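User: I am new to this structure and would like to understand one part of it well before looking at the rest. Please pick a single site and describe it closely, step by step.

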Amino acid sequence: MNYWRQQANNLSQRLIEIRRHLHRYPELGYKEFETARYLAQILRQEGIEVREHVGGTGLVATIRGASSGRTIALRADMDALPIQEKTGMPYASIVSGVSHACGHDAHSAILACTAMLLQRYRRKLAGTVKCIFQPAEECPPLGGAKPMIDAGVLADPPVDAIYALHTAPNLPVGTIGIAYGPMMAASDRAKIKILGEGGHGSAPQQSVDAVLVAAHTVVALQSIVSRNIDPHSAAVLTVGQLQAGYRYNVIADMAVLDCTIRTTDVHSRQLIQDKIEQIVDGVTRAMGARYELRYTLGYPPAINDTVAVDQVIKAAEVVLGEDSVRIQEKTSLSGEDFAYFLEQVPGAFFWMGSRLEGDRKQYPAHHPAFDLNEAMLPLGVAMFCQIVEQELFREPLAGGE
Ligand SMILES: [Zn+2]
Ligand SMILES: [Zn+2]
């Protein structure tokens with residue numbers, strides 16, 4: 001068995017203990033006070049250098065090698081979701097209405113144990129490893145990555161490459177999912193207020209019907225993805241909400257459209273933003289109405305670096321075996337604020353198989369009954385350690401048996 005896998009297996013009980021502690025006491029984004037304190041304490045007990053309150057509740061553990069070299073960052077998110085847990089497990093959340101339904105408890109436990117292992121091997125390290133525990137991944141549009149970057153987490157020493165993993169309920173334990181290039185989508189929002197002129201339902205000639213203008217706007221907006229976006233580039237525009245009117249015989253003076261926009265490249269992202277404004281401006285003008293548009297940029301698309309993806313795939317083949325890599329043909333259209341890190345430095349985000357087996361049903365992430373297979377925890381540690389070995393160890397470790 002691979003050396004790191006053996007080492008990580010020895011930490012299995014510790015991993016489960018940390019994961020379950022975090023699971024039992026989840027905290028929402030920007031409020032990971034106890035989570036960060038708990039992790040900081042664990043890391044300091046191992047003699048690891050820890051910086052707290054980086055960009056809010058963020059935490060950075062730094063492992064300095066015996067000799068100088070490049071700097072590699074590993075990132076975990078720490079926040080839970082405003083969801084009432086319904087797993088019925090003994091380690092279920094004891095905080096009402098809050099739970100780790102996205103597996104960030106596992107990410108934090110994996111990174112903490114990775115830091116412990118690397119600390120023990122720091123004499124073999126040529127360079128530095130920064131373990132970044134990030135708040136508020138579930139809190140777009142700001143998120144928790146951006147405040148940490150603004151607080152200088154990627155500087156001093158400057159980070160050369162960054163990696164993150166995420167539990168994958170649809171992949172079996174022992175496999176990973178990854179994509180070259182776009183991995184996750186940009187997630188933006190457009191709120192459009194259409195201002196007409198109210199009136200009596202029997203006298204349309206004296207009014208500007210906001211409902212009719214809104215209807216034309218909805219239809220016209222749907223031409224953007226179908227007619228302006230390259231069919232090879234994934235994009236979605238959904239008008240999720242449309243509100244207008246007061247009564248069946250009253251012409252509405254106002255309508256509000258609220259839309260989510262998902263794109264996988266910066267060109268499409270800009271194009272949709274521009275087109276929405278043009279269409280809303282054109283339709284309202286043609287029909288005698290006015291508009292107000294508020295466009296909010298959420299997380300950018302997460303674009304994996306080719307060299308970093310190769311590192312992840314190589315690590316998976318060493319740690320998990322030849323058939324462990326699933327190349328993702330389709331970009332996930334959900335958002336992920338690891339994208340902010342990937343805008344600054346090359347790196348890769350990958351899915352770590354966490355599917356439950358046996359008679360326990362696997363629910364998707366963000367479901368109240370979501371849970372993960374804890375057998376994935378040591379594999380995550382081994383993956384991170386192997387990537388660091390490839391990046392920073394002067395000579396490979398004796399490969400184990
Ligand atoms: Zn999530
Ligand atoms: Zn997540």
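Analyst: Both Cys102 and His166 are buried, and these two residues are a good place to start in what is a predicted model. They belong to the site of the zinc ion (ligand 2), whose protein donors are Cys102 through SG, His104 through NE2 and His166 through NE2, at 2.1 to 2.4 Å from the ion. Along the sequence these donor residues are spaced C-x1-H-x61-H. The pair of Cys102 and His166 links distant parts of the chain, since Cys102 sits in the loop between strand 3 (67-77) and helix 4 (104-120), whereas His166 belongs to strand 5 (residues 161-168), 64 residues apart.

Cys102 also leads to a second metal, for it bridges the zinc ion (ligand 1) and the zinc ion (ligand 2), which lie 3.1 Å apart. The zinc ion (ligand 1) is coordinated by the SG atom of Cys102, an OE atom of Glu138 and the NE2 atom of His366, at 2.0 to 2.3 Å, and the donors of this ion follow the spacing C-x35-E-x227-H along the chain. Here too the chain is brought together from distant parts: Cys102 lies in the loop between strand 3 and helix 4, while Glu138 lies in the loop between strand 4 (126-134) and helix 5 (145-150), 36 residues apart. Like Cys102, Glu138 is buried.

From the donors one can move on to Asp77, a residue in strand 3 whose side chain is joined to that of His104, a donor of the zinc ion (ligand 2), by a polar contact of 3.3 Å. A further polar contact, of 2.7 Å, runs from the side chain of Asp77 to the side chain of His107. Leaving aside residues up to four places away in sequence, Asp77 touches His104, His107, Ser108, Gln134, Glu137 and Glu336. Because its relative accessibility is 1%, and buried means under 20%, Asp77 counts as buried.

Taken together, the picture is of two zinc ions bridged by Cys102, with His104 and His166 among the donors of the zinc ion (ligand 2), Glu138 and His366 among those of the zinc ion (ligand 1), and Asp77 in polar contact with His104.

Note on methods: Residues are numbered from 1 along each chain as its sequence is written. Chains are lettered from A and ligands numbered from 1 in the order in which they are written. This is a predicted model: local features need pLDDT of at least 70, side-chain atom pairs count only at pLDDT 80 or more; totals for chains, interfaces and linings use all residues. Side-chain values use heavy atoms; hydrogens and water are left out. Donors are N, O and S atoms within 2.8 Å of the metal (3.2 Å for Na, K and Ca); water is not among the atoms, so sites may look incomplete. Helices (H or I, at least four residues) and strands (E, at least two) are DSSP runs, numbered from the N terminus. Buried means under 20% relative accessible area, exposed over 50%, partly exposed in between (1.4 Å probe, protein chains only). A polar contact is a pair of N or O atoms within 3.5 Å; within protein, one must be able to donate a hydrogen and the other to accept it, and residues adjacent in sequence count only if both atoms are side-chain atoms. Contact means heavy atoms within 4.5 Å.
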